Amino acid sequence: MSIRISYYPGCSGKGTSSEYETSTTGVCQALDVDLVEIPDWSCCGSTPAHTVNHVLSSALSARNLTLAEQEGFDTVTTPCPSCLSNLKIAEHKMRKESFREAVNELLDQPYGGGVDTKSVLQVLVENVGLDKVRERVKTPLEGLKVACYYGCIMNRPPEVMDFDDHEHPMAMDNLMEAIGAEVIPFPLKVECCGASFGIPQQNIVTTLSGKLLEVAKGLGVDALVTACPLCQMNLDLRQGQINAAQGTQHSLPIFYFTQLMAKAFDLSDAVQGMKRLIVNPQKALAKIGQADKEIA
Amino acid sequence: MNTYKITAADNTFTAEVEKRSGQDLNACYQCGNCTAGCPFSFAYDIQVSNIMRLVQIGQRDKVLQCHSIWLCASCQSCTTRCPNNIDVAGVMDHIRHMAREAGLATERKVKVFVDSFLDSVERHGRVYEMGLMVSYMAKTGRVFTDVELAPKVLPKGKLPLKPHSIKGKEQIAAIFKRFREVKSK
Amino acid sequence: MRIGVFICHCGSNIAGTVDCAKVADAAKAFPDVVHAEDTMYACSEPGQQGIIDAIHEKNLTGVVVASCTPRMHEPTFRRAVERAGLNKYMFEMANIREHVSWIGKDKELNTNKAIDLVMMAAEKLRHNAPLMAKKFDINKRVLIIGGGVAGIQAALDCAEGGLEVVLVEKTTSIGGKMAKLDKTFPTVDCSCCILGPKMVDVAQHPNITLYAHAEVEEVNGYIGNFEIRIKQKTTYVDWEKCTGCGLCMEKCPSKKSYDHFNNGVGTTTAINIPFPQAIPKKAKIDAEYCRMFTKGKCGVCAKVCPTGAISFEMTDTEVTENVGAIVAATGYDLFDHAKYPEYGAGKYPDVITSIQYERLMSASGPTSGHIKRPSDGKEPKNVVFIQCVGSRDKSVNRPYCSGFCCMYTAKQAILTKDHIPDSRSFVFYMDIRSPGKDYDEFVRRSIEQYDTQYIRGRVSLIYPQGDKMIVRGADTLAGAQVEVEADLVVLAVGAESAAGAPQLAEKLRISYDSYGFYMESHPKLKPVETNTAGVFLAGACQGPKDIPSSVGQGSAAAAKVLSLFSKDQLESDPQIALVNASRCIGCYKCVETCPFGAVKEEQDRFNNPKARVIETICQGCGVCTVTCPQSAIQLQHFTDNQILAEVKALCPSMMVKN
C-alpha cells in the first residue's frame, strides 16, 4: 500500500544538504511513499524568523501549509527538523484565534488551520513501519557501528512535536537496527550542536559539536547518523574547524540516516550522494559485511 | 554593579514579558535547571536562570542589554526540562524581540546574520545560502568568515552560485512588507 | 552460680571493631562462667531464644549480655531471662558498642576493653541477688501545665477518656499563641474561630478544673502519686463574682497600660479582659498601671462593678492537687529582635514583629483588622517581610530553624494582599522550609497568585528615609545588592523556649537542652515521653512546632497518660535504697541529702534514732548511700559490694597492693 503525502524539502535540501534530499526521495520511492512536493514552496523562516517575531515566522510557515491544503493534503512531511519545528509551531500557535488573525493579516491567502507536519523519520517509522524497511533491505549494514544523533528540536518541546521520547528518542536507532547496523546508544542524542551560530559565533559550534564528537569517539563508533542538515553541516563540514579549535584529530563520518538506508537498499543514486560528505566515509563503509571476517 | 532598587523597578517590564510570552514568571522558583541544562551557558554573560530572576524583579536594562539573549539557539532544553512547565526558550525569544524593537543588539554579528538570512528570504522566497554569506560578510566586514571551508564545499556542488527564486516571491516580499507596516503602527 | 555470657555482634556495629569470638573465648575463663558465645543480634527473636535455650540447657542462674547501651535493650533482655524462669535482676549488661566499638578503631585494644567490661559485668553478677518489685496504687488524675492549643488538646482528650484533669494556665485566659493569630496556614481559616469551640469545651467539661493566672510552685512525689502545689496569683478581682461584663474596662481611667495580649500594639486599660473570646472571661487588674496601686487613689472599677467583685486587698493563694501524671505544654516565646541593632533594635515604630502584625490584621485586634502602620496610622502599600530573625543565626545563639516562620510569612503576605489589594509584599528569605501537607503549595500560591516577591537573601540594614523604611538586602539569585522602599517592615521572629522553662523543668525533674527546650526521652521513638516517669510533653515546649504538630502531640501525650492509667497499680522499681538498721546510727545525713524527701526519721523499739526509706518515693539516685558514714544505707542492685566487685575485676593487681 503506497502512501501519498505532501512534501516540503526545505531550502538547504536544494543547497548544502542536497545529498539528504536525494537520499530521502530515493528511500521514500523505494518504500512506496509518494512525496508530492508543495508547488512553489517558500522558506519557513527557520530560526532567524522566530528570533525576530513569532507572527512573521508563522506567516512564512503558514503560506506553505495553505499551499499543501489547497493540494488536498492534511499532512506535510519534511526531512529538516528546523522546517518541521517551524511548521508545527506555526500550526500549534495558530490554534489560538488572536494569533491566527495576526498571522493571516500578513498573508495573501489566509491559513485555515489543521495541516499537520511530520518528519520524514516519523513517516518512515510510523506510517511505513520497520517491517517494511527490513523487507526492502538488500545489503544489511552488518559490521557498521553507529550512534544516532537527533539534534535538539526534532522531539522538543514534546507538547508540540508529539513524536518519540523527548530525552531518549529511539526512532532512528530502530531504523538503523532494521537495516542491519550495530547501534550504540548515544547519550547526547538531543544535545544542541550549536545550530546556526557557525557563522556569527564559530566558537559556540566548535565547542558544542566538539563535545558531541568527543563522546561519539569514546563510544568507538564508525560514524554518527543524523537527521538534520544543520547538525550534519556543523559536525561534518566544520569538523576541521572543531579539530583546530579543540586540538583534536577527529575523522568521523557524519551520515544522514537516509543515506545509510539508501546504501542498505542498494540505491545507486543515493549512494552517489555520499561523495558530497566532507569527512571521507570510505573507511566506515568498508566495514559493512566485514564483521564476520574480523571475528574470524 | 548597581544596587537594584526593587520598588522603583519597572513593573511594566515584568508584565510585558509575561504578556508577550504567555508565561507566569512567578512560577519560576529559581531552581536553576534551565542554566544547568543550557548548552550555551559557557558562552553566556548572564545565565538563563539569572535572566529569569532579573525579569522577575523588573531589571529591563540589564536584561535587554545582555549578550545571552542573542546567543540562545532555542534548543528547547530549558523549556522541556522546566519543573514548572515554563517555556523558558519562549521567554528568551520574546526578550530578544523586545531588545530588537528597542534598537538593542549586543551581539551585532548574530543580528546581522539573522537580518541577512531574512533579507535573502524576502528577496528570493527561499534562502540563497551563497548570497546570505556574501551579504553577511559585507555587512560585518568579516570577509574571511569560513573562507577555509570554500575549497571543501565548492567542489561538492553544495553551494549553488545562482539564486533560486520562487514564482511567488512577491507573496513573500508582501509578508515582510505587511509585517513592517503592522509593526510601525 | 552458673553464668552464661553472650557477646553481640550488632551486625557490624560491634563486630566491625571488636573480635567478638575472642571476647566470648576469654569469658569462658571467668569465675562461675559455664557458657559463653557470640551472637549476631542478641536482641533479635532468635538471639533471645538462644539465651533462653542456654539457660535451660546449661542450668544457668545468671546472664551477661555484652551489646549496646542498657538504655536500649536492658528491658528486652530482662524480660528474656524472666521468660526462662530467672529473676530479671540476675542479669547484667556490658556496653561494648557506645563504650567500645563506636568510639575506638583499634580492634585489638577494643577487644581487650570489651573483655574487661564483660569481666566486670560477670563479677558484679556474682554478687547480685533476686529483687522483687512492689505494687502501688495510681492516682488517676492528670495535671496539664499550659493552656495553649497543645495543652487544650491534651486536656480535652484526657477528660473525654474519663480522667480528672487539672489545667494550669499562667495568663488569665487559655488559648495561647493560637488565640492571637488572625488566620492559620495553609487553609487560611480564622484561628480564633477554630480554637474557640475547644476553649469553650475546656471551660464546660465537667472533668476539667482550670486554674488560670496560676503557676506550678512545687512538684513532689513520683509517677502515679504526684503532689502539686499551685500558686493562684492575685487578680484583684473575685472571679466567683466577676461576670465578664466589661464595664470596669469602659470606665478605667488608666488607658495607657501595656497590652500584653496585643504584644504592645496599642494600649489597654489597667483592669482588663484580654480579648472577647477569653476563657475564663474574667477581669484582672494590672497593678503596674492601676492608679489605685501607683497613686494610691482611684477605685473607679470598684465603684462601677455591678457585682462588687473588685478587691484591692486580694493576695496570692495556694492550692494543692494530687495527680498521677503530668503533661508539660508550656509552649514557647518569641525572639526579642532588639538583638538586631541593624534592624533598628525596636526603635523604629514601623519595624514590627510577626505576632504584632497578626494583631494588626485580626478583627479583634487594636485596629479592628485594618492594617495601619504604627507611626502614622497610614495603610502600608509596600510591606517587607524578613525571615529568620532569630532563627538559623549562630551569632545570636539561635542556630536552629524555628520551623513555622516560612509558613506564617507566606500566609501574612497573602493576607496583606487580601486586606490591601493594591499593596506589594516582599519576602527576604534564606530557604523556604515548607515540608507539611499542602505547605509548599501554599507558599507557591503566595508567590504565584498573590504576587508576593520572594527575594533570596538576608537583610543587612534597615533605615528610615522620609516616611519610608529603606530595606537593604541581597538578592543572591540575581547576584546583587537590592533595596526596597518599605512602608512597613515585619520581622519573622523565631521561636525560643518559654520564659521560666528551665525553672519548671527543675521542678518536674526533666531535662532541657541548652536553649531551654524540654528533652524528649527519645528523639524518634519517645517523642512525648521524658526521662522522668509519669511526666509527658506536648507542643512547642519540646521544640518549635506549628499548630498541627502541637495538636498531634497534645493527643499523643493524652494517649500516653490514658495508657498509663489503664492499669490500677504500677510496679515500683526495686532498685532503691534500703537501711540496714543494725548499722544505722541515726545521724540523718541521708534525710538531709535526699532530693526526693524519701528518707524518714524514725525510732526503733529501743527509741534509737533510725532512718527509713519510703520505697515508693525513693528514685534510686544513690545520693544517700555515698553520704552515709556507716555504709548503712545501700542502693539495691548497686551495693558497695557489687561496685567494688567490678572495680576489683578491672584492677586486680592494684587491689592486691592496697
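1. Gly473(C), placement. In this predicted model, Gly473(C) sits in strand 25 of chain C, which spans residues 468-475. Gly473(C) counts as buried because its relative accessible area is 6%, under the 20% limit.

2. Gly473(C), surroundings. Beyond its neighbours within four places in sequence, Gly473(C) is in contact with Phe428(C), with Arg458(C), Val459(C) and Ser460(C), and with Ala480(C), Gln481(C) and Val482(C). Leu461(C) is 12 residues from Gly473(C) in sequence. The C-alpha atoms of Leu461(C) and Gly473(C) are 7.1 Å apart.

3. Main core. The largest nonpolar core holds 76 residues. Those with the most contacts inside it are Val142(C), Val237(C), Ile271(C), Ile285(C), Val327(C) and Val561(C). Several elements of chain C each supply at least two residues of this core. Among them are the strands 6 (141-145), 7 (164-168), 18 (325-328) and 33 (609-613). The helices 6 (149-160), 7 (191-204) and 15 (547-564) are also on that list. Helix 6 of chain C gives the largest share, eight residues.

4. A residue of that core. Ile285(C) is one of the residues with the most contacts inside the core. Leaving out neighbours within four places in sequence, Ile285(C) is in contact with Thr235(C), Tyr236(C) and Val237(C), and with Ala270(C) and Ile271(C). Its other partners are Cys290(C), Phe293(C), Cys301(C), Ile310(C) and Phe312(C).

5. Second core. Apart from the largest core lies another, of 70 residues. Its members include Val63(B), Tyr343(C), Met469(C) and Val482(C). Val482(C) is also one of the contacts of Gly473(C).

6. Chain A, domains. Chain A is divided into domain 1 (3-120) and domain 2 (138-290). Their centres, taken over C-alpha atoms, are separated by 24 Å. Each domain puts 23 residues into the contact.

7. Chain A, interface area. The two domains of chain A bury about 1,900 Å² between them. Carbon and sulfur atoms carry 75% of that area. On the side of domain 1, Glu19(A), Tyr20(A) and Pro81(A) lose the most area to domain 2. Together these residues make up 31% of what that side buries.

8. Chain A, polar links and elements. How many salt bridges does the rule find across the interface of domain 1 and domain 2 of chain A? The count is zero. Three residue pairs are in polar contact between these domains, with both residues at pLDDT 80 or more. Helix 1 (18-30) and helix 4 (81-93) of chain A each supply at least two residues of the side of domain 1 that touches domain 2. Helix 1 gives the most to that side, with eight residues.

Key: Residues numbered from 1 in each chain as written. Chains lettered and ligands numbered in written order. Predicted model: local features only at pLDDT ≥ 70, side-chain atom pairs only at ≥ 80, totals over all residues. Heavy atoms only, no water. Core = buried A, V, L, I, M, F, W, Y, C linked by side-chain atoms within 4.5 Å. Buried < 20%, exposed > 50% of the residue type's maximum accessible area, 1.4 Å probe, protein only. Helix = DSSP H or I, 4+ residues; strand = E, 2+ residues; numbered from the N terminus. Contact = heavy atoms within 4.5 Å. Domains from an automatic or database assignment. Buried area = accessible area lost by both parts, 1.4 Å probe. Salt bridge = Lys/Arg side-chain N within 4 Å of Asp/Glu carboxyl O. Polar contact = N/O pair within 3.5 Å; in protein donor to acceptor, adjacent residues only side chain to side chain.
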